[in-house]
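Here are my notes for you on this one, written while I had the model open. Have a look for yourself before reading on.

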Amino acid sequence: MSFLAAALDRVKPSATIAVTDKARVLKAAGRNVIGLGAGEPDFDTPDNIKQAAIKAIQDGKTKYTAVDGIPELKEAIIGKFQRENGLTYKPNQVIVGVGGKQVLYNALMATINPGDQVIIPAPYWVSYPEMVALAGGEPVPVVCTAADGFKLQPAALEKAITPKTKWLILCSPSNPTGAAYTKAELKALTEVLVKHPHVWIMTDDMYEHLVYDDFVFTTPAQVEPSLYDRTLTVNGVSKAYCMTGWRIGYAGGPAQLIKAMATIQSQSTSNPCSIAQWAAVEALNGPQNFIPANNKVFKERRDLVVSMLNQANGIECPRPEGAFYVYPSCAGTIGKTAPSGKVIDNDEAFVTELLETEGVAVVHGSAFGLGPAFRISYATKTSDLEDACKRIQRFCGNLR
């Protein structure tokens with residue numbers, strides 16, 4: 001009998017973390033490796049946010065806080081939701097967690113019973129189905145093709161809903177594709193959800209501010225107010241505020257759900273870091289002018305990567321609306337032979353040979369539920385991206 005829990009049999013390790021770790025090992029061994037696996041801005045946390053953290057330390061704000069967040073951060077979150085999304089919440093409808101991942105996980109742990117189903121559009125962030133499985137639920141992936149812009153279609157959503165459906169998880173802009181839903185596209189989905197009152201909506205809006213080409217972000221509870229009472233709107237400071245390591249995520253939703261999530265948190269991690277919470281107060285309430293400045297760079301990088309990848313043999317790369325990922329198809333390389341003599345028989349073989357041959361670390365698309373493809377994070381310096389794309393062009397050109 002194994003000492004480890006049977007629940008582990010339902011869960012796979014994170015493919016994105018695995019790629020990043022492998023790239024780190026190769027770099028440590030002296031290989032020239034460009035890592036494009038991690039979804040982490042290369043920009044530093046703004047100075048005003050750092051100073052707020054330093055002041056919190058100097059002021060002795062280093063003790064336990066309320067499990068679900070300090071009142072000052074809750075008020076900042078309430079102000080953000082009202083100001084940017086037109087959503088009104090009270091303090092008992094807001095929770096702060098150790099990153100957006102914990103908020104999502106706690107919501108699933110607080111609501112999922114054995115046999116409950118969770119609809120997850122694919123390609124999906126690798127953690128969604130694993131968290132559902134850990135909570136004892138059944139992930140229900142719904143494939144969203146490149147032809148549909150990697151976006152869930154109303155008819156496909158309707159078909160996926162059953163009496164056992166508990167949640168729909170919707171991420172816009174998306175990790176891994178960068179696809180973002182317009183207001184009209186969200187309205188078409190919410191019209192389906194209105195007809196099924198037993199289905200709740202969990203929105204992962206972590207990339208809300210990372211949108212390009214005059215795209216206007218909206219979130220489901222904003223588009224369809226009648227869904228407000230069964231929507232958990234999740235966000236955080238990691239991406240737009242360049243605070244991945246600070247580990248602060250948050251959500252607004254029905255008070256009963258938020259209370260249940262806080263109960264889970266109280267018996268696991270308890271409160272998020274007090275210092276990081278004060279830094280997040282400054283992030284949400286302080287100057288926001290660095291965000292469009294960063295986005296200008298991200299857009300330039302997106303355009304560079306899309307253009308260069310579309311010049312590689314066998315690669316087709318759509319232009320995403322947001323986030324800092326591209327999700328190119330490598331279907332045109334499948335069946336070809338690499339210089340090593342190995343046959344590229346799937347996208348995992350493609351990314352493995354690319355790393356071994358050219359030292360470029362990307363994540364295979366099948367890990368996100370749709371291949372043959374791969375994900376590139378362009379949240380790294382432009383010169384590295386240009387070098388990496390040249391290596392990908394060379395690698396594809398040498399396939400036979």
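The points below cover two pockets, one helix pair and one asparagine.

1. Before anything else, keep in mind that this is a predicted model.

2. Start with the largest pocket, which comes out at about 640 Å³. Its lining takes in 28 residues, and the ones that lie nearest the centre are Gly 39, Lys 101, Trp 125, Lys 239 and Arg 247. If you sort that lining by class, you get eleven polar, nine nonpolar and eight charged residues.

3. Which helices supply at least two residues each to that lining? They are helix 1 (15-28), helix 4 (99-111) and helix 5 (127-134). Helix 1 gives the most, with five residues.

4. Next comes the second largest pocket, with about 340 Å³ of space. Here 15 residues form the lining, and Thr 20, Lys 27, Gly 35, Leu 36 and Ala 38 are the closest to the centre. By class, the lining residues split into six nonpolar, five polar and four charged.

5. Helix 1 turns up again in this second largest pocket: helix 1 and strand 1 (34-35) each supply at least two lining residues. With four residues, helix 1 gives the most to the lining here. So if you're setting up anything around either pocket, helix 1 is the element to have on screen. 

6. Away from the pockets, look at helix 11 (residues 290-309) and helix 13 (residues 382-397). Their axes are 9 Å apart and the packing angle is about 10°. Angles under 35 degrees count as roughly parallel, and helix 11 and helix 13 are therefore roughly parallel to each other.

7. Who makes that contact? From helix 11 there are Arg 301, Leu 304, Val 305, Met 308 and Leu 309, while helix 13 brings Thr 382, Leu 385, Glu 386, Cys 389, Lys 390, Ile 392 and Gln 393. Sorted by class, the residues of this contact are seven nonpolar, three charged and two polar.

8. Last, a single residue: is Asn 85 buried or exposed? Asn 85 sits in helix 3 (residues 71-85), and its relative accessible area is 2%. Buried means under 20%, so Asn 85 is buried. Leaving out residues up to four places away in sequence, Asn 85 touches Lys 80, Glu 208, Phe 217, Thr 219 and Gln 222.

Conventions. Residues are numbered from 1 along each chain as its sequence is written. This is a predicted model: local features need pLDDT of at least 70, side-chain atom pairs count only at pLDDT 80 or more; totals for chains, interfaces and linings use all residues. Side-chain values use heavy atoms; hydrogens and water are left out. On a 1 Å grid over the protein atoms alone, a cavity is a set of points where a 1.4 Å probe fits but cannot get out, and a pocket is an open set with protein on both sides within 12 Å along at least five of seven lines; lining residues have an atom within 4 Å of a point. Grid points are joined across faces, edges and corners, and a volume is the space filled by probe spheres set on the points. Ala, Val, Leu, Ile, Met, Phe, Trp, Tyr, Cys and Pro count as nonpolar, Asp, Glu, Lys and Arg as charged, and the others, Gly among them, as polar. Axes are lines fitted to C-alpha atoms, for helices over the stretch in contact, and angles run from 0 to 180 degrees between N-to-C directions. Angles under 35 degrees count as roughly parallel, over 145 as roughly antiparallel, 65 to 115 as roughly perpendicular and the rest as oblique. Contact means heavy atoms within 4.5 Å. Buried means under 20% relative accessible area, exposed over 50%, partly exposed in between (1.4 Å probe, protein chains only).
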